[in-house]
Amino acid sequence: MWSKIWRLNVTERVRCFVWILAYDRLLTNYRKSRMGLGHAMCNHCGNVVETSMHVMRDCSLVTPFWLQVVPMRERSTFFTEDLQQWIITNINTGRRGNNGSAWCDIWATACHCLWTWRNKEMHDNNYVRPSHMVQHVYKIVEDYSQARRVNELMRNSERFFTQIGWQPPCGHFVKLNTDGACKDNNIAGCGGIIRGAHGEWLGGFAKGVGVCSAFAAELWGVLEGLQYARRLGFTAVELNIDSITVVQVIKTGRLSSPIGLPLVKQIRRYLELDWEIMIAHAYRESNKCADALASIGCTLDREIIF
Ligand SMILES: [Zn+2]
């Protein structure tokens, strides 16, 4: 299933979302209530527990959407499978949607949109969902595949093409992408994701780091990421960071201002342990997943392991 997710023809952000969904780690009301944060019920339905399956498929807010895109003969399966089987069925089907795009891409994009809309509604009372939800989803899928085609054309016509998408690690390495994020009020968070040679998800985390700069948040991401990889017992890690400055600071240990120095020292102590670490700069595009986790981190006062 994991390599199928990795091969979905959707943005990195959507793929990351499907991974989190497949691990049943969405921060639904049910899951938050288990952490002692509020009630477990769906904000829309009231008396039903908001599980991942509810928020993605069974909620009366989203069922009408699926009814528009799932053909009659598929419905009994579509609406009855449990979460794992539901994901497997939808990413494995070879059929195409009404707009001609692969169903798995439409399904994944739709899940991500439904979740995004749900979150916007929760945090903004004035937010209104797009009135033509299906068209909206189709457009995202089509725009992405068009951008990809253009990208492929350019790749063929240019001798030096920089790969900006996420690339799997080589050999026995795992890849750790980390990132930091800072919101308007300087509340910062960090996050990271560890993936294997087939793009499979090996672990992810998000953590709030309090008030600090974007630069310090990036450093926190690296430190937490290394600690996390260490805890999971990996011995060969390719560390990807989307800030060139942070890469240089970590590699050289030199810093123009004292801010962040203790963090850099701690990071460098980790690098000296008995494991193989390769540090590289990753383009923002390929770090979307870690970026998304870091944004989640901004809203937390503790660590969440995905
Ligand atoms: Zn509901």
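According to the UniProt annotation, from an unreviewed entry, residues 170–299 form a domain described as "RNase H type-1". The structure discussed here is a predicted model. Over residues 170–299, helix accounts for 38% of the chain and strand for 32%. The C-alpha atoms at the two ends of this stretch lie 34 Å apart.

The chain as a whole contains 13 helices and 6 strands. Its radius of gyration is 20 Å, and the globule rule gives 19 Å for 306 residues. The two values are close, so the chain is as compact as a globular protein of that length. Along the principal axes, the C-alpha atoms fill a box of roughly 60 × 50 × 35 Å. Of the 306 residues, 37% are buried. Contacts were also sorted by distance along the sequence. Among those with a separation of 6 or more, 68% join residues 24 or more positions apart.

The chain divides into two domains. Domain 1 spans residues 2–157, and domain 2 spans residues 174–305. Their centres, taken over C-alpha atoms, are separated by 28 Å. Domain 1 brings 8 residues to the contact, and domain 2 brings 9. On the side of domain 1 that touches domain 2, helix H1 (2–6) and helix H2 (12–22) each supply at least two residues. H2 has the largest share of that side, with 4 residues. By class, this side of domain 1 holds 5 nonpolar, 1 polar and 2 charged residues.

The largest nonpolar core has 71 residues. Within this core, Cys-111, Val-222 and Leu-293 touch the most other members. Helix H8 (residues 103–123) is the greatest contributor to the core, giving 10 residues. Domain 1 (2–157) and domain 2 (174–305) both give residues to the core, so the core lies between them. Beyond the residues up to four places away in sequence, Cys-111 touches Phe-17, Val-18, Leu-21 and Met-56.

Helix H2 also contains Ile-20. This residue is buried: 22 other C-beta atoms lie within 10 Å, and 20 are enough to count as buried. Setting aside residues up to four places away in sequence, Ile-20 touches Arg-25, Leu-26 and Phe-306. Ile-20 and Gln-227 are 207 residues apart in sequence, and their C-alpha atoms are 21 Å apart in space.

The loop between H2 and helix H3 (29–34) holds Asp-24. Asp-24 is not a glycine, yet its phi is positive, at about 55 degrees. Most residues other than glycine have a negative phi. Asp-24 has 16 C-beta neighbours inside 10 Å and so counts as partly exposed.

Towards the end of domain 2, two residues give contrasting pictures of burial. Ala-294 sits in helix H13. Ala-294 counts as buried because it has 29 C-beta neighbours inside 10 Å. Leaving aside neighbours within four places in sequence, Ala-294 is in contact with Asp-179, Gly-180, Ala-181, Gly-189, Cys-190, Gly-191, Ala-206 and Gly-221. Ala-294 and Thr-28 are 266 residues apart along the chain, with 18 Å between their C-alpha atoms.

Leu-300 follows in the loop between helix H13 (288–298) and strand S6 (303–305). Leu-300 is partly exposed, with 16 other C-beta atoms within 10 Å. Apart from residues up to four places away in sequence, its contacts are Gly-189, Ala-206, Lys-207 and Gly-208. Gly-189 and Ala-206 also appear among the contacts of Ala-294. Leu-300 and Ile-187 are 113 residues apart in sequence, while their C-alpha atoms are 9.8 Å apart in space.

Note on methods. Residues are numbered from 1 along each chain as its sequence is written. This is a predicted model: local features need pLDDT of at least 70, side-chain atom pairs count only at pLDDT 80 or more; totals for chains, interfaces and linings use all residues. A nonpolar core is a set of buried Ala, Val, Leu, Ile, Met, Phe, Trp, Tyr and Cys residues joined through C-beta atoms within 7 Å. A residue is buried if 20 or more other C-beta atoms lie within 10 Å of its own, exposed if 12 or fewer, and partly exposed in between; C-beta atoms are placed from the backbone. Domain bounds come from an automatic or database domain assignment. Two residues are in contact if their C-beta atoms, placed from the backbone, lie within 7 Å. UniProt positions are given in the numbering used here, feature names are shortened, and annotations may be inferred rather than shown by experiment. The radius of gyration is taken over C-alpha atoms; the globule rule is 2.2 Å times the number of residues to the power 0.38. Ala, Val, Leu, Ile, Met, Phe, Trp, Tyr, Cys and Pro count as nonpolar, Asp, Glu, Lys and Arg as charged, and the others, Gly among them, as polar.
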